[in-house]
Amino acid sequence: MSMKRLTLAVLALAVTAAACGSRSDSSAREATAEDPSRRELAQVAAGSIVVDFKDGTTKAEYDAWESEWGVDLEFNSTEGERSGVTIAQGVGDVDAALARIRQNPAVQSAEPLMMYSVPPGEEAVSGLDAPLDELNKDGYTPNDPEYPKQWNLRMINMPSAWQESRGKGVVVAVLDTGIAYEDYDDFKQVVDLKGAKFKKGYDFVNDDAHANDDHGHGTHVAGTIAQATNNGQGVAGVAFEATLMPVKVLNHFGSGTSADIADAIRFAADNGAKVINMSLGGGGHSKVMADAVEYARKKGVTVAAAAGNAGRARVEYPAAYPGAVAVAAVGPGGTRAPYSSYGKELDIAAPGGDKRQGDAGGILQNTIDPRDVSRSVYAAYQGTSMATPHVAAVAALLYAEGASGPDEVEKALFAGAKRVGGQAWTEEYGHGLLDAKASLAALGGGASRWPSMWWALAFLALVLLTMRGRERPGYFNILFRPSFLIPLVLATVGVFFARSWFGGASGVAGDVVEAAYLPLPDWQRIIFGRGKMANPLFYSSLIPLLLSFLAIKFQGLRPAIGGLALGFAGFLTYAAWSKAPALAWMPFTFLAVPWLVVNTFICLIIARAMLKKETV
């Protein structure tokens, strides 16, 4: 057994004991709820640190600094040379060492090594002998004999969605306890993953190429994503033509480190994954991990993560990071499961199971018996870990149908979600309950951003019709004027070809590509960070209004500002029509649509004033 593996095993036992103790101490639970930083939730590995160096920093360089820092750093894994993630153990004074290390300009971040785990309370449900509910009569129905018990797949409208997409060719990385995907030593592939597609992954716990499952959690999660389907055996998976990448970051106790998870995220992003599923959490904020999530997102990867099983108004990390899609859980009745965490960082809800609904209330998939890793079993689990792979798999369906990146995937996921209580966003359900069919429809085969443009062009015709003959410029004369057309395009669809042409750019160039790809109102994600709700200052007429004052002195700007105002009008109208946005700072969520409508009218007034010809 390697020193790293032995150390992690000891730490896992300590974390498990600490977690059990904290759950039984209600006074401690109340005290931690008052700390907005949530650092108290982190299980810190005693005497261990993680240092993330900037790209290009070599081992020889940091070896030269070690004597000054008083630590012995080593790359965390084979990915270290690319990721720059290192760890040190046996550090006496962690705070003093980190203070010294952070002064070095080559250091991107340095922090205590943290432990994350399978969320607590995710147990198997026994005895799935309840009466079968009625199957959907419309859509694709697989011949898997246990499929009728998978209420969760019908809840998200999979029979209809399967007629459009099955995730063909999309790589989904499962960062978990591993997957029972191969016959290797004592490990055996579970029966209902035979025929599923796999891409080479990695075991970051044991530092080898065999990411096998010795716990059961990861195989269950992988089954929801891409269980072999319509094979006359067992159960079905959501994106059963997708390709699974097994990436082991949690040991047989269900625990892992922030360093391993960060390295694994980068590994998956660098090796072809379009979706990353992280059904894990419970730790505090880690900048090393947050940077890894941001790295993956810039590489065009959608990251889905479990909101947590604490049942309180606080989304756990890594789901709470701005670059992740945070997933809550609902039971068979479609209401939030009692264990599911929720809060302002939440994005969407999906089926996670609820044992209060009876034995058939869990999520049924094929996995291993943790007491015998060679034994295949069918078990129903409950938890936000079970909800998350539904979202990851639907993201794979969207990529297979032409979605260009995480922004477009998220827009389709949120636009297609079933609203709860008619509200665009709530703390308990995010944008609503996952609906695969509706999300595919919202994507529109990769054309979800173009309705804003069509609205803008319709508004141009409307504005011109309201003008008298001598005041009205020619429709095509104004439309094909670059000073008018470019601002209109930037406000509605952005530089829509930026990612396909320049998607491999990194650093500052990559940031420019990301900014150019977004429509101008969505630049609020870059300026204010990717929050769960849109900034109402950008989703308004404010920018065209302020720029219109420049036209008083600089008449030549009038066509450009007119195009910009029409572009904003088209963007805001489509946002209101699709009921996709949830706006920050609104006292009531239902005010979002009136806000957008009012600001659309203001944009049209500005556009009319800018395009109107001066008459003598």
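Two strands count as paired here if DSSP finds at least two bridges between them. With that in hand, let's walk through this predicted model.

**Stop 1: the sheet**

Start by colouring the strands. You will find an open sheet of five, in the order β2-β3-β1-β4-β10, with antiparallel pairing. Look next at its edges: β2 (74-75) and β10 (255-257) each have a single partner strand, so one side of each is left without a neighbour in the sheet. As a reminder, strands of a sheet pair through backbone hydrogen bonds, either parallel or antiparallel.

Now zoom in on residues 74-75 and 85-88. Strands β2 and β3 run antiparallel here and are joined by two bridges. Pick phenylalanine 75, and you will see its bridge partner in β3, threonine 86.

**Stop 2: the helices across the sheet**

Select residues 258-270, which make up helix α9. This helix lies across β1 (43-53), β3, β4 (107-117) and β10, and runs at about 105° to β4. Then add residues 287-298 for helix α10, which lies across β1, β3 and β4. The angle between α10 and β4 is about 100°.

**Stop 3: aromatic rings**

Show the side chains of Phe, Tyr and Trp. The whole structure holds 18 aromatic pairs. One of them is phenylalanine 53 with tyrosine 62, a stacked pair at 5.2 Å centre to centre with 10° between the planes. Are these two residues buried or exposed? Both phenylalanine 53 and tyrosine 62 are buried.

Keep those two selected and add Trp65, Trp69 and Phe75: ring pairs link these residues with Phe53 and Tyr62 into a cluster. You have already met phenylalanine 75 as the bridge partner of threonine 86.

Next, select tyrosine 147 and tryptophan 162. Their rings form a tilted pair, 6.1 Å centre to centre and with 50° between the planes. The pair links distant parts of the chain, 15 residues apart. Tyrosine 147 is in the loop between β5 (124-125) and α6 (151-155), while tryptophan 162 is in the loop between α7 (158-161) and β6 (171-176). Why does tyrosine 147 count as buried? Its relative accessibility is 2%, and buried means under 20% relative accessible area. Tryptophan 162 is buried too, with a relative accessible area of 1%.

**Stop 4: charges over rings**

Stay with tyrosine 147 and bring up arginine 154. The charged end of this arginine sits over the tyrosine 147 ring, 5.3 Å from its centre. For a second example, select arginine 166 and tyrosine 140: the charged end of arginine 166 sits over the ring of tyrosine 140, 4.3 Å from the ring centre.

Terms used. Residues numbered from 1 in each chain as written. Predicted model: local features only at pLDDT ≥ 70, side-chain atom pairs only at ≥ 80, totals over all residues. Heavy atoms only, no water. Helix = DSSP H or I, 4+ residues; strand = E, 2+ residues; numbered from the N terminus. Contact = heavy atoms within 4.5 Å. Axes fitted to C-alpha atoms, helices over the stretch in contact; angles between N-to-C directions. Phe/Tyr/Trp six-rings, centres within 6.5 Å; stacked < 30°, edge-to-face > 60°. Buried < 20%, exposed > 50% of the residue type's maximum accessible area, 1.4 Å probe, protein only. Lys NZ or Arg CZ within 6 Å of the ring centre and 35° of its normal.
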